[in-house]
Amino acid sequence: MLNNIYNIFFIPEIFLACSSFVCLLFGLFLKKNAFRQTSNLAVFVLLLTIFLVYYDSESNFANYKSLFSHSSFINFFKILALLGSIASIIISKDYFLGIRLKNFEIPILFLFSTLGMMLMIASNNLMSMYLAIELQSLSLYVAAAIKRDSISSAESGVKYFILGALSSGILLYGFSLIYGFTGSMNFYDISFYLSKYDNLNLGLIFGLVFVMVGLAFKVSAVPFHMWTPDVYEGAPNSITGFFAIVPKIAAVALIYRFCLVPFENFYLEWSQIILFLSISSMFLGAIAAIAQSNIKRLLAYSSIGHIGYILIALVAANDDGIKAASIYMFSYMIMNVAIFAILLSLKVKNEYLINISDLKGLSKSNPIVSLSISIIMLSMAGIPPFIGFFGKFYVFIAAIEQELYVLSVLGVLASVISAFYYLRIIKIMYFDESKSEGIINFQISFQSKIILSLSLFLIICFIFYPSLLINISASLTI
Amino acid sequence: MIDWPLVSVIIFLPLIGASIILFIKEDELTSINIKWAALLTTLGTFILSLILWLQFDYSNPSYQYEEKFRWFDDFNFFYHVGVDGISLFMILLSTFLTPLCVLASWHNIKKRVKEYMLSFLFLETVMIGMFASIDILLFYIFFEAVLIPMYLIIGIWGGNRRIYASFKFFLYTLLGSVLMLIAIIVMYRNTSSMSIEFLQGNYFSYNTQLFLWLAFFASFAVKIPMWPFHTWLPDAHVEAPTAGSVILAGVLLKMGGYGFIRFSLGMLPEATEFFIPLIMTLSIVAIVYTSLVALAQTDIKKLIAYSSVAHMGIVTIGIFLVNQQGLEGAMMQMISHGLVSAALFLCVGVIYDRMHTREIKFYGGLVQRMPLYATVFMIFMLGSVGLPGTSGFIGEFLVIIGAFKFSSYVVIGAAFGIILSAVYMLYLYKRIIFGTITNNKLADILDINTREKIILIPLAISVILLGIFPNLFLDPMRLSLELIITNYEIANAK
């Protein structure tokens with residue numbers, strides 16, 4: 001128990017919430033450079049929060065009558081989400097200044113959304129889960145539409161809002177059914193109640209399906225992915241970066257916890273849904289990305305594909321699956337941080353890079369940048385010796401452990417298809433002759449450079465000392 | 001014996017050279033430094049691999065120079081490398097051909113010399129690493145990593161249709177190899193081991209073996225390549241730069257044969273027994289069909305590419321005969337083909353550098369202006385045909401002797417292919433070399449210069465050496481092959 005009431009501030013979520021308000025006030029009262037200062041403060045706050053999450057493994061107080069839960073899995077994903085948002089705030093700072101979007105609210109929105117994600121990951125109750133999802137999403141809706149004078153940004157915000165609200169509604173309806181049929185909102189109570197039965201009754205199955213649909217929206221799994229490419233495309237690049245990197249982490253953790261905690265005994269019921277989501281996401285992600293000319297849409301489909309692989313590990317539903325998901329999610333975050341750090345620093349004729357074909361000739365003007373992009377792309381395609389390969393490798397280990405042979409074979413086939421569009425980017429950079437050279441500008445701030453080098457280092461050098469991450473992820477319990 | 005990690009040094013020396021090259025600035029004047037650095041690195045690797053051969057213990061059938069470190073804490077994946085009689089010559093082949101490739105690209109690679117040499121050095125590391133690994137996951141990592149440099153080599157420095165060829169090469173071979181990944185994981189799940197040495201003891205049930213065999217077959221049949229999975233090869237060969245074709249024909253195709261020996265024969269003997277008729281049929285079709293296709297080619301490189309498919313057909317027959325003569329023949333044929341086809345591609349490169357065309361019609365009567373060239377070309381051409389005294393003869397002869405024990409139909413098919421190979425190679429030689437010069441552009445073509453002599457003469461010597469003293473090569477591999485055959489027979493006798 002707590003000895004001192006002040007200790008309440010050292011609970012990570014409460015600390016983050018209070019600090020976000022402080023940041024808001026700080027930003028309000030600053031006249032000059034409000035955006036830059038708030039961003040720096042936000043990064044600092046998030047760093048402290050990581051520290052608190054790391055040392056806060058024992059406090060039962062944070063469970064709030066088991067509204068929230070505590071486990072190594074939760075902490076791992078919390079730290080992952082925090083790291084992701086730190087990285088995306090740092091890499092996007094110069095971009096925002098570059099497009100003269102200096103609203104100091106942006107880092108604050110990121111902070112609140114990160115808070116929502118931390119609560120999402122930890123939630124152990126249908127109600128807290130819903131509220132956390134809403135906190136996270138509302139901040140993101142605003143972030144998507146933050147560039148008020150741009151039609152595409154507003155469009156993406158509205159699209160995201162409408163579809164997100166729809167999915168939240170479906171989710172809530174599912175919750176109400178589950179609550180109605182089990183009489184509890186708590187994950188453990190639901191699990192305990194259900195353990196008395198061999199099958200789910202019809203109402204609960206409906207509830208489960210509705211919740212799955214809502215969660216599939218949040219992780220953008222096919223066929224509930226339609227918002228992803230449009231939102232990615234319309235939002236400012238740096239917001240897209242945040243979308244690609246962070247919310248996926250929380251949503252994946254949530255879908256894992258929802259399937260494996262209250263419904264752990266009803267594997268057959270939910271695994272069919274996840275199986276379908278997984279296969280369709282992998283294939284649609286791979287095939288639809290081939291035709292894209294916009295790099296943001298391409299990355300959107302690529303993230304859909306990656307979600308498909310993470311869901312394979314969920315279908316496997318064993319300890320190896322959890323391990324695989326955490327390794328895959330880590331590699332996914334690192335690769336996206338790296339690619340967005342580059343994209344947010346590339347300018348073509350003073351405009352930020354959007355079209356893939358503008359990468360033409362990059363290998364001549366910026367050999368190191370194009371080499372980095374190639375490494376990231378090969379890693380995303382799952383070619384050894386980069387980190388992306390090990391993510392996929394662990395996923396397939398988990399699947400084969402569960403004798404999901406057909407799913408694994410489909411998974412590798414989809415990875416071959418997706419290799420095509422990753423290779424296409426390398427092809428454009430290296431193989432295509434460019435007539436006009438030197439129109440691509442690569443300017444990167446010192447801080448983003450550190451983030452970029454660090455993530456590239458992890459992508460390349462993971463193979464030399466894999467045990468560090470693997471031992472952590474092997475010890476995770478849900 | 002040697003008490004320092006010789007195999008690891010050989011594997012990673014090219015990578016160290018590459019990291020040095022990374023810091024050499026590239027412009028008109030300094031690109032020569034990059035070339036020299038690459039040449040010295042590859043030569044150093046070759047010399048070290050010769051030590052491997054000199055110190056090799058012929059009386060030991062299993063792995064030598066083993067190095068083993070635990071790599072992943074959570075499952076039995078080791079950095080485990082070593083050399084046995086089968087991999088020894090594959091490694092030597094890789095280290096022998098790479099310096100020649102660097103030399104062959106000395107003048108004709110003008111753009112992006114640095115990236116080119118980096119790709120080749122990286123390629124050498126992964127090739128050697130693949131042949132030396134005793135851990136299947138390590139093998140797989142190297143096996144797939146080969147695609148990255150090769151994709152870049154074809155795509156950046158290749159011919160007109162290079163993009164099509166590079167994508168086809170990458171995706172085709174990736175499709176095969178990802179299935180192997182699944183097979184590897186299944187093997188690990190059944191045995192909790194990833195050691196090639198351990199897995200060569202037949203631990204799988206019959207049905208599992210059949211599926212595993214098909215998965216491995218998918219990757220090796222594409223790689224070697226067998227008919228009908230060969231269509232990537234002519235494209236890749238024709239579009240790749242000369243040195244790329246040399247490595248492709250010389251080493252990368254052998255990865256398939258090596259994989260068949262190690263995995264299909266070694267680990268899945270009962271399934272192999274079941275699938276032997278399939279392999280024999282495909283191989284004979286490959287030999288006859290691709291020989292006929294080769295006969296009709298108008299592009300020299302394409303002709304040699306199709307002849308490679310035919311020669312690899314002999315290799316697959318030899319491997320799946322699973323007897324001493326067959327396997328030794330297959331190994332000899334692989335080594336010989338590695339040298340001969342590499343040399344033929346280099347020969348094509350010589351005239352391509354001068355005339356920038358590979359059309360057979362363009363040439364004719366080269367013997368008038370290039371007597372030396374005509375001589376070395378003849379040696380390699382005869383090596384490809386399999387004339388006694390050259391390396392090609394030993395392999396084909398041994399395979400045919402082995403095939404008599406199996407079925408005379410196979411012998412007829414293989415022999416027919418060998419006759420056809422004589423037809424298309426001699427016909428090619430006649431059209432390019434003999435006669436009088438009819439094309440005015442050839443009137444002042446120059447004979448091979450010193451650099452080209454340095455490249456071609458060692459190859460010619462080794463082709464003849466292999467043909468006259470085959471035991472030099474057969475002795476080290478004999479016991480390792482016997483081990484595989486014994487295991488195979490024990491498994492199938494049950």
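This short talk goes through an internal cavity, an open pocket and one helix of the structure above.

A word on conventions: this is a predicted model, in which local features need pLDDT of at least 70 and side-chain atom pairs count only at pLDDT 80 or more, while totals for chains, interfaces and linings use all residues. Residues are numbered from 1 along each chain as its sequence is written, and chains are lettered from A in the order in which they are written.

Let me begin with the cavities, meaning sets of points on a 1 Å grid over the protein atoms alone where a 1.4 Å probe fits but cannot get out. The structure holds seven of 30 Å³ or more, and the largest has a volume of about 150 Å³, a volume being the space filled by probe spheres set on points joined across faces, edges and corners. Its lining, the residues with an atom within 4 Å of a point, comprises 16 residues, with Tyr160(A) and Trp227(A) among those nearest the centre.

Turning to the pockets, which are open sets with protein on both sides within 12 Å along at least five of seven lines, the second largest has a volume of about 850 Å³. It is lined by 30 residues, and Phe330(A) and Leu458(A) are among the closest to its centre. Helix α14 of chain A is one of the elements that give two or more residues to this lining, helices being DSSP runs of H or I of at least four residues, numbered from the N terminus.

As for α14(A) itself, 23 of its 25 residues are buried, that is, under 20% relative accessible area with a 1.4 Å probe, protein chains only.

Methods. Side-chain values use heavy atoms; hydrogens and water are left out. Buried means under 20% relative accessible area, exposed over 50%, partly exposed in between (1.4 Å probe, protein chains only).
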